[in-house]
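Q: Please take me slowly through the places in this fold where burial, charge and backbone geometry deserve a careful look. I am new to reading structures, so a connected account would help.

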Amino acid sequence: MELYLDTSDVQAVKKLAAIFPLAGVTTNPSIVAAGKKPLEVLLPELLEALGGQGRLFAQVMATQAEEMVEEARKLRAIVSHLVVKVPVTPQGLAAIKLLKAEGIPTLGTAVYGAAQGMFSALAGADYVAPYVNRVDAQGGDGIQTVVELQQLLTLHAPHAKVLAASFKTPRQALDCLLAGCESITLPLDVAQQMISYPAVDAAVAKFEQDWMGAFGRKSI
Ligand code: E4P
């Protein structure tokens, strides 16, 4: 599986890259805007925080296909192996087709429906990002959307991967992985929650207390 962090926090990426088997970092315009660093500065820093290896994702801002393609080329000039995020609108689908013809890898983003996501894959997207929590927040079923999208890609566009996104809880992320998603992107808080259990700290403290009681030191 491929695990990504959904963030523009370079220091956090550096810290968590030592803990998690990160495949890379995803961003979106809101995430980049929150960090206030232009992409020409941010993307190289993120790559360095990953140890010089790893996949980066950044999104085009244009809304017309030809302009999206222009922006995609600019993003790839910053990081040559970057995957370009394209919102799955009618113009976005046209851009994904053009980018596929140029050999530029894409991710279909802002996916709220399984059919919408499938069409981005059929247009040539390498990744498709369903927005799990945002679908839930609209009264839909984010996990069910992912389950259906995963089935559709397996059946009809096996070259493409679901990169499940928009999580507020570890449970949502686990359900996507159990549904067979090959890749997910987690916000920092959800990633940390997935390995944080108060009972673990208590268990380790009790081991230490028992050891100290017997041997008067913490080491073996
Ligand atoms: C990824 O492609 C999305 O931009 C991101 O995961 C959205 O997350 P949010 O719904 O928490 O903003």
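A: A residue is called buried when its relative accessible area is under 20%, exposed when that value is over 50%, and partly exposed in between. The model shown here is predicted.

With that cut-off in hand, we can start at Ser166, which has a relative accessibility of 13% and therefore counts as buried. Ser166 sits in the loop between β7 (161-164) and α9 (170-178), and its phi is near 65°, a positive value in a residue other than glycine. Most residues other than glycine have a negative phi. A second residue of this kind is Ala110, whose phi is near 60° and thus also positive in a residue other than glycine. Ala110, however, belongs to strand β5 (residues 106-111), and at 24% relative accessibility it is classed as partly exposed.

Burial matters again when we turn to the strands. Asp6 is found in strand β1, which covers residues 2-6, and this acidic residue is buried yet has no salt bridge, the nearest side chain of opposite charge being that of Lys85, 4.9 Å away. A salt bridge would require a side-chain nitrogen of Lys or Arg within 4 Å of a carboxyl oxygen of Asp or Glu. Leaving aside its neighbours within four places in sequence, Asp6 is in contact with Thr26, Thr27, Ile31, Thr185, Leu186 and Pro187.

One of these contacts, Thr26, leads us into strand β2 (residues 22-26), where four of the five residues are buried, so that the strand is largely enclosed by the rest of the structure. The chain reaches β2 from β1 by way of helix α1 (residues 10-17), and this β-α-β crossover is right-handed. Strands β1 and β2 run parallel and are joined by four bridges, with Tyr4 standing opposite Gly24 of β2. On from there, β2 pairs with strand β3 (residues 55-59), again in the parallel sense, over three bridges, and here Thr26 has Phe57 as its bridge partner in β3. Tyr4 and Phe57 meet us once more among the aromatic residues, since ring pairs link Tyr4, Phe57 and Tyr127 into a cluster.

A search of the whole structure finds four aromatic pairs. In one of them, the rings of Trp211 and Phe215 have their centres 4.6 Å apart and their planes at 55°, so this pair is tilted. Both residues belong to helix α11 (residues 198-215), where, being four residues apart, they are separated by about one helical turn. Trp211 is partly exposed at 32% relative accessibility, and Phe215 is likewise partly exposed, with a value of 46%.

The spacing of four residues returns in the charged pairs, and the count of salt bridges comes to eight. In helix α11, Lys206 and Asp210 are four residues apart, about one turn of the helix, and their side chains meet in a salt bridge of 2.9 Å, N to O. Asp210 is partly exposed, with 41% relative accessibility. Salt bridges that share partners also join Glu2, Arg55 and Lys161 into one network. In helix α9, Asp175 and Arg171 lie four residues apart as well, and the closest N and O atoms of their salt bridge are 2.9 Å apart. Finally, the side chains of Glu45 and Lys37 form a salt bridge at 2.5 Å, N to O; Glu45 is partly exposed at 27%, and Lys37 is partly exposed at 30%.

Definitions and conventions:
Residues numbered from 1 in each chain as written. Predicted model: local features only at pLDDT ≥ 70, side-chain atom pairs only at ≥ 80, totals over all residues. Heavy atoms only, no water. Phe/Tyr/Trp six-rings, centres within 6.5 Å; stacked < 30°, edge-to-face > 60°. Helix = DSSP H or I, 4+ residues; strand = E, 2+ residues; numbered from the N terminus. Buried < 20%, exposed > 50% of the residue type's maximum accessible area, 1.4 Å probe, protein only. Lys, Arg positive; Asp, Glu negative; His and termini not counted. Contact = heavy atoms within 4.5 Å. Pairing = 2+ DSSP bridges. Right-handed = clockwise from strand over helix to strand, strands pointing away.
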